[in-house]
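The following paragraphs lead through a protein structure, from its overall plan to individual side chains. Please keep the sequence and the model in view while reading.

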Amino acid sequence: KAASPFNYLIINNHSLEKVLGAQCDSKILLRIGLVNFNHIGMYFNTAYGLKLNIENVVSEIIRFMKDDEGSKYKIIVGSDSERRENNSADFVTAIIVHRTGNGGRYFWRRLELGKIYNLRSRIIQEVLLSLDGAKEILAALKSFNAPHFDFEIHVDIGENGETKSMI
């Protein structure tokens, strides 16, 4: 059996419990989002203004990685948000392929959601959008002969600032 080219960053339940403020099972977490991710049906934007479906994003990632197969690569998925005056929130999810020491490519999509009342809810929604993006990209990558890469899901919390209590 061939070795998988994927290295996964594991988000353990303890970390998710800190973000959610309650005990959780990671399988349940994927089902409790504020959005039904299977129906987003959104395209990813490129730096050049093109709109690509997930299969085209993966094709571009593979093309970029095969241009220099001797390099190390990391695929990163992350989301960020901004609260609006009417308590809605604007979310952006990015997929980045980084060629270590030599640049990268990125793809992004935007989603506006209504009535997100606090920072914890916004961070949870960011995590769910990132997990969904990661699920999409990894599922699509399985059908390609991708060079080896590391994989990371970025969660926008840290030891300083308003989100330090979520760690």
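Tyr 73 is buried, at a relative accessible area of 2%, where buried means under 20% relative accessible area, exposed over 50% and partly exposed in between, with a 1.4 Å probe and protein chains only. Phe 64 likewise counts as buried, at 2% relative accessibility. The model is a predicted one, in which local features need pLDDT of at least 70 and side-chain atom pairs count only at pLDDT 80 or more, while totals for chains, interfaces and linings use all residues. Residues are numbered from 1 along each chain as its sequence is written, and side-chain values use heavy atoms, with hydrogens and water left out.

Phe 64 and Tyr 73 also belong together as a pair. A search of the whole structure finds one aromatic pair. The ring centres of Phe 64 and Tyr 73 are 6.1 Å apart and the planes stand at 75°, so the arrangement is edge-to-face. For such pairs, rings of Phe, Tyr and Trp (its six-membered ring) must have centres within 6.5 Å; planes under 30 degrees apart count as stacked, over 60 as edge-to-face and the rest as tilted. Phe 64 has a further partner in Arg 99, which lies over the face of the ring at 4.0 Å from its centre. The criterion for a charge over a ring is that NZ of Lys or CZ of Arg is within 6 Å of the ring centre and within 35 degrees of the ring normal.

The protein as a whole has four helices and seven strands. These are DSSP runs numbered from the N terminus, with helices (H or I) of at least four residues and strands (E) of at least two. Read from the N terminus, the order of elements is β-α-α-β-β-α-β-β-β-α-β. Of the 167 residues, 40% count as buried. The accessible surface comes to about 9900 Å², and carbon and sulfur atoms account for 49% of this surface; the areas come from the Shrake-Rupley method with a 1.4 Å probe, and for residues only the protein chains shown count as cover.

The strand pairings may be followed next. Two strands pair if DSSP finds at least two bridges between them. Strand β4 (residues 73–83) and β7 run parallel and are joined by five bridges, with Lys 74 opposite Asp 150 in β7. β4 also pairs with β5, in the antiparallel sense and over eleven bridges; here Arg 83 stands opposite Ala 89 in β5. The hairpin of β4 and β5 has five residues between the strands, and Asn 87 in this hairpin takes a positive phi near 70°.

β5 in turn pairs with β6 in the antiparallel sense over ten bridges, and Ala 89 stands opposite Leu 113 in β6. β5 and β6 likewise form a hairpin, with four residues between them, and Gly 101 in the turn has a positive phi of about 80°. Strand β2 (residues 44–46) and strand β6 (residues 104–113) are antiparallel and share two bridges; the bridge partner of Asn 45 in β6 is Trp 108.

Which residues have the most contacts inside the largest nonpolar core? This core has 26 residues, and those with the most contacts inside it are Ile 61, Ile 75, Ile 95, Ile 137, Leu 141, Phe 149 and Phe 151. A nonpolar core is a set of buried Ala, Val, Leu, Ile, Met, Phe, Trp, Tyr and Cys residues joined through side-chain atoms within 4.5 Å. The elements that give two or more residues to this core are α3 (54–66), β4, β5 (89–99), α4 (119–141) and β7. A second, separate core of six residues includes Ala 89, Leu 111, Leu 113 and Ile 116.

Within the largest core, Ile 75 is found in strand β4 and is buried, with a relative accessible area of 0%. Beyond its neighbours within four places in sequence, Ile 75 is in contact (heavy atoms within 4.5 Å) with residues including Ile 61, Ile 95, Leu 141, Phe 149 and Phe 151. Ile 75 and Glu 152 are 77 residues apart in sequence, yet 6.3 Å apart in space, C-alpha to C-alpha. Strand β7 (residues 149–154) has a covered face of Phe 149, Phe 151 and Ile 153 and an uncovered one of Asp 150, Glu 152 and His 154.

In the second core, Ile 116 lies in the loop between β6 and α4 and counts as buried, at 3% relative accessibility.
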